[in-house]
Amino acid sequence: MPRLDEAKFARLERELRKEPMAHGWPDQVWTLSRIKTLIGRRFHLTCTVQGVHLLLRRHGWTRQVPARRAVAGWVKDTRPRVEVPRRRWLSNTAFTTVDHPVRTVSRGLRKIQYRNDIIDGCLTGTWLQPHPT
């Protein structure tokens, strides 16, 4: 990889201090491949991911892992919107008797019966109204 002189690396550092969304990426994570793309866009240089890693390490940059709170927030808010639903354990179940599916569904309903966030969302989606008992 052609070396960036100090002035160009200082400019790269300024660009890296901006959030990745300012450069067109959908989230807040700088990856080596994104930095490689940024170097190509700003300085018209081609380089490898390994070259970017060496360049950053040579200038004292280290890789960082996002804080657990940030990851937990992403998992709770963003991941359900972008992730394809997985097949659950029940999708490959072969029921042995007629009562087996009834027991399985009843067990699942017992797990969610006290979760108001799930119940309210289901009722809202169906336009049903809860009736007090």
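Which residue just after H2 takes a positive phi? That would be His44, with a phi of about 55 degrees. The close-ups below all come from a predicted model.

**View 1. Helix H2 from end to end.** H2 covers residues 32–43, twelve residues in total. From first C-alpha to last, the helix reaches 16 Å, close to the 16 Å expected at 1.5 Å a residue. Right after H2 sits His44 with its positive phi.

**View 2. The buried face of H2.** Arg34, Ile35, Leu38, Ile39 and Phe43 are the buried residues of this helix. Look down the axis of H2 and they fall within an arc of 145 degrees, so they line one face of the helix. An α-helix has 3.6 residues a turn, so residues three or four places apart point the same way. On the other side of the contact, the buried residues of H2 meet helix H1 (6–17) and helix H3 (49–58).

**View 3. The largest nonpolar core.** Twelve residues build this one: Leu4, Phe9, Leu12, Leu16, Ile35, Leu38, Ile39, Phe43, Cys47, Val52, Leu55 and Leu56. H1, H2 and H3 are the elements that each give two or more residues to the core. H2 chips in the largest share, with four.

**View 4. Two tryptophans, edge-to-face.** Search the whole structure and you get one aromatic pair. The partners are Trp25 and Trp30, sitting 5.6 Å centre to centre with 70 degrees between the planes, which makes the pair edge-to-face. Trp25 has 14% relative accessibility and counts as buried, because the cut-off is under 20%. Trp30, at a relative accessible area of 22%, is partly exposed.

Methods. Residues are numbered from 1 along each chain as its sequence is written. This is a predicted model: local features need pLDDT of at least 70, side-chain atom pairs count only at pLDDT 80 or more; totals for chains, interfaces and linings use all residues. Side-chain values use heavy atoms; hydrogens and water are left out. The expected span of a helix is 1.5 Å times one less than its number of residues. Buried means under 20% relative accessible area, exposed over 50%, partly exposed in between (1.4 Å probe, protein chains only). The arc is that of the directions from the helix axis to the C-beta atoms. Contact means heavy atoms within 4.5 Å. A nonpolar core is a set of buried Ala, Val, Leu, Ile, Met, Phe, Trp, Tyr and Cys residues joined through side-chain atoms within 4.5 Å. Rings of Phe, Tyr and Trp (its six-membered ring) pair if their centres lie within 6.5 Å; planes under 30 degrees apart count as stacked, over 60 as edge-to-face and the rest as tilted.
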